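Grab your viewer and let's work through a few short exercises. Try each task yourself before reading its solution.

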Amino acid sequence: MIYLDNGATTFPKPTAVKQKITDSFNRYSANPGRSGHKLSLIASEEIYECRKSIKKLFNAQSEDSVIFTMNCTMSLNTVIFGFLREGDHVIISSLEHNAVVRPLEYLKDKGVSYSVFDYSSDDDEVIDNVRAVITPRTRLCVCTHASNVFGFRLPIERIAALCRFYGIKVCIDAAQSAGVLPIDILASGFDFVCTSGHKSLYGPMGTGILVIGDTELKPLLFGGTGTDSANPHQPEEPPERFESGTANLNGIAGLRAGVDFVRRRGTDNIYRHELALAGYLHSELMKIPQIILYNNIEYGKTAPVLSFNIDNVYSEEAVRMLDKYGVCVRGGLHCAPLAHRFMNTIDSGTVRAVPSVFTAKSEIDRFISVIKNILPKLLDNGKKV
Ligand code: PLP
């Protein structure tokens, strides 16, 4: 089997991650922060150590600014619902995921509006596009670091600097970039960074991260935090303010091992490995006349995410056929219809292949030979776009 659906979630996970999850289950799966007994304290320590690792990876301002969520969607919802109020205007890029678009569409009824600025491969043009959609009511910019469909990287540091000038808070969606592209929260002045734990940070599914600056934010959930229990009001300080209910200890333990794995390997080494594979795949696919490609793979400009189509074949049809030959990739819209509208692929969707740190060149070679093998069948039988 060739797994190239690492954009959805990475598979396999590092051995250290699996061991850590098992170990936490076997040795200290007590409720963290709820009791004073030994096992609960070990569990709390595990969570704190994970915050510490994440703080180091992203150069966040403190361990307490690291909030654990279920996934990137929950992190983004926490920011969008917790920060915005009636009358606010939001700006987002033309590459955003539905985890951004859908909450904002919902908030339209509550008096929140949003505008979209277009991606461009020219960073100066992106900055001009951002500037053009800012209004006096703009309070928040939500911007993906790298498109989950086309891999395009946005100049988030420059966007943040521009937004700061206008007093606009910046929320980065790092679902496709955390662990692959460098993120320096303090140096870049990001107000919120949202990401999944289960993608390129190699944690298990059910883990997500929100890193907050000192911006005031309402929690998404209210409830028990194991602290200040006599007080009927939600704690004011992070992380407790945003972490009501029992934590996903075993998931967070695994996430810690994943983050440590990434830190040991080095984000740039991981990026170079995956980008080389994506670039190789791109160059081989370019030799096949029936393949349509949408992005160039370029160091610094793209994340290792490759989208393509087979001429006149629905992406989902191609994915079904690839699956029969043991290849796991994703087709369709990847929950990002905005990006597909922008790239005129809304009708066909795209086939997306994303390598991971564990992907070998031989797997890319096999993937290419499978594509060549199924091409005549697909062109004969595939549903035509
Ligand atoms: N944002 C982007 C850019 C994504 O690629 C994804 C997931 O694919 C999400 C948000 C949502 O992430 P999660 O599935 O962890 O909620």
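**Exercise 1.** Sort the shell around the ligand by residue class.

*Solution.* By class, this predicted model puts two nonpolar, eight polar and two charged residues around the ligand. Now put names to them: the surrounding residues are Asn71, Cys72, Thr73, His97, Thr144, Asn148, Asp173, Ala175, Gln176, Ser196, His198 and Lys199. Next, apply the class rule, under which Ala and Cys count as nonpolar. That picks out Cys72 and Ala175 as the nonpolar pair. Asp and Lys count as charged, so Asp173 and Lys199 make up the charged pair.

**Exercise 2.** Find polar side-chain atoms that lie within 3.5 Å of a ligand oxygen.

*Solution.* Start with Thr73: an N or O atom of its side chain is 2.5 Å from an oxygen atom of the ligand. Move on to Lys199, where a polar side-chain atom sits 2.6 Å from a ligand oxygen. Then check His198, whose polar side-chain atom is 2.8 Å from an oxygen of the ligand. As for cover, the ligand has 390 Å² of accessible area on its own, and the protein covers 90% of that.

**Exercise 3.** Which pocket does the ligand take up?

*Solution.* Rank the pockets by size: the ligand's space is the second largest pocket.

**Exercise 4.** Split the chain into domains and describe how they meet.

*Solution.* The domain assignment gives domain 1 as 15–265 and domain 2 as 266–381. Taken over C-alpha atoms, their centres are 28 Å apart. For the contact, count 33 residues from domain 1 and 32 residues from domain 2.

Methods. Residues are numbered from 1 along each chain as its sequence is written. This is a predicted model: local features need pLDDT of at least 70, side-chain atom pairs count only at pLDDT 80 or more; totals for chains, interfaces and linings use all residues. Side-chain values use heavy atoms; hydrogens and water are left out. A residue is near a molecule or strand if one of its heavy atoms lies within 4 Å of it. A polar contact is a pair of N or O atoms within 3.5 Å; within protein, one must be able to donate a hydrogen and the other to accept it, and residues adjacent in sequence count only if both atoms are side-chain atoms. Accessible areas come from the Shrake-Rupley method with a 1.4 Å probe; for residues, only the protein chains shown count as cover. On a 1 Å grid over the protein atoms alone, a cavity is a set of points where a 1.4 Å probe fits but cannot get out, and a pocket is an open set with protein on both sides within 12 Å along at least five of seven lines; lining residues have an atom within 4 Å of a point. A molecule sits in a cavity or pocket if more than half of its atoms lie within 2 Å of its grid points. Domain bounds come from an automatic or database domain assignment. Contact means heavy atoms within 4.5 Å.
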